[in-house]
Structures are given as C-alpha cells and as structure tokens.
Amino acid sequence: MEFLTVGQIVRTIGLKGEVKIYPSTHFRDTRFSKGSRVFLLNDKNEIERELTIKLHRTNGDCDNLIFEEISTIEEAEKINQKFLYVEKDQKFLRNGEFFYTDLVGMTCEFDNGKTIGKVIKIEEYNSYATLRVKTTEKDVLIPFVQAFVKSVSLEEKKIIVNYIEGLL
C-alpha cells in the first residue's frame with residue numbers, strides 16, 4: 001500500500017483534542033471531510049494508527065481537525081508534530097492530473113529527443129506548478145502547463161516538453 005502525505009500536526013488547540021495542521025494537499029475539503037480516514041505511519045512506513053475525521057475547519061493557511069478517536073489534550077499531544085497520510089488512489093485524479101510524487105525522478109526530454117534532465121522537485125506558485133529539473137550544469141524551472149509540457153508518461157517515466165528557443 002502506498003501513502004501520500006496530506007499534512008503535519010503543528011499543535012494542539014483547546015482541551016478536547018483538537019489539533020492544528022499544516023496541510024500539504026490541494027484537496028483539503030475532500031481529504032479532511034467528516035468520516036475520512038487518515039493514518040499515522042511508523043518508521044517502516046506501516047500504519048501505526050488510523051484516525052477518523054469528526055470535524056474539519058479551515059483556518060487561513062492551516063486547518064483544524066477533531067478526530068473521533070481523540071477527545072483530550074493529553075491524547076492530542078501524543079500525536080503532535082506527526083505527519084498525516086492517506087492511501088494513494090489513482091481514481092482520485094481526473095484525466096491529465098498527476099500526483100507530484102509520481103513526477104519526481106522522471107526524465108524530461110524536449111520533443112526533438114534531446115534529454116533535459118531529471119525532475120527533482122515540484123514547486124508551486126499561485127498560478128501554476130513548476131518542474132525543477134536537474135541538468136548536467138544547473139537546475140532549470142519548467143512551468144507544468146500545457147504550453148510547455150507536451151505529454152507525461154507514467155509507464156515510461158518520461159515528460160516530453162515542447163522545444164522553445166531559450167528555455168534553457
């Protein structure tokens with residue numbers, strides 16, 4: 001079973017087990033909806049604890065969560081600073097969408113066959129995501145938008161980028 005990180009608990013709130021998390025997902029309302037399950041994993045990437053979301057509130061850049069299984073501040077303090085995970089499910093994505101974790105490590109090539117390098121990170125900006133690609137000389141940023149990215153093949157682990165003069 002594969003997991004995706006959806007947030008980190010950053011502190012407790014109040015006395016009844018509420019926690020504040022810093023989310024790392026674009027699907028906050030879906031991932032943290034009432035009844036959704038999240039997991040805490042151990043060092044071996046195995047499920048340590050399963051938690052069911054009882055209440056979700058957006059709080060600016062952060063979210064507040066109450067779990068069915070946690071009702072006191074003492075219980076909440078035991079999971080403070082832990083990461084929250086969900087099962088990776090491809091059905092969650094629409095056509096043409098990808099999990100960023102799947103893109104990291106892929107080879108980037110121009111549509112003329114010339115290799116650019118490997119994706120080492122996905123950086124997010126207000127208007128679009130950007131691929132950080134490690135070339136032999138430096139890192140380059142390629143906007144992950146249709147005007148630049150021609151195709152993505154998860155099977156071949158390859159991203160084809162339209163050749164644009166001056167991109168590198």
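Buried here means under 20% relative accessible area, exposed means over 50%, and partly exposed is what falls in between. Keep that in mind for the ring close-ups below, and note that this is a predicted model.

**View 1. Six strands make up an open sheet.** Reading across, the strand order is 10-9-8-7-12-11, and the pairing is mixed. Strand 10 (139-143) and strand 11 (149-153) sit at the edges, each pairing on one side only. On average, neighbouring strands here are turned by 35° against each other, direction ignored.

**View 2. Strand 11 meets strand 12 at one end of the order.** These two run antiparallel, with four bridges joining strand 11 to strand 12 (residues 158-161). If you want a spot to zoom in on, look for S153, which stands opposite K158 in strand 12.

**View 3. F98 and F144 meet edge-to-face.** The whole structure holds three aromatic pairs, and in this one the ring centres are 6.3 Å apart with 70° between the planes. The partners come from distant parts of the chain, 46 residues apart: F98 is in the loop between strand 6 (83-87) and helix 3 (100-103), while F144 is in the loop between strand 10 and strand 11. F98 has a relative accessible area of 23%, so it's partly exposed.

**View 4. F110 and Y163 form another edge-to-face pair.** Their centres lie 5.0 Å apart, and the planes meet at 80°, which is over the 60 degrees that edge-to-face asks for. F110 belongs to strand 7 (residues 107-110) and Y163 to the segment after strand 12, 53 residues apart. F110 counts as buried because its relative accessibility is 2%, whereas Y163, at 42%, is partly exposed.

Technical notes
Residues numbered from 1 in each chain as written. Predicted model: local features only at pLDDT ≥ 70, side-chain atom pairs only at ≥ 80, totals over all residues. Heavy atoms only, no water. Pairing = 2+ DSSP bridges. Axes fitted to C-alpha atoms, helices over the stretch in contact; angles between N-to-C directions. Phe/Tyr/Trp six-rings, centres within 6.5 Å; stacked < 30°, edge-to-face > 60°. Buried < 20%, exposed > 50% of the residue type's maximum accessible area, 1.4 Å probe, protein only.
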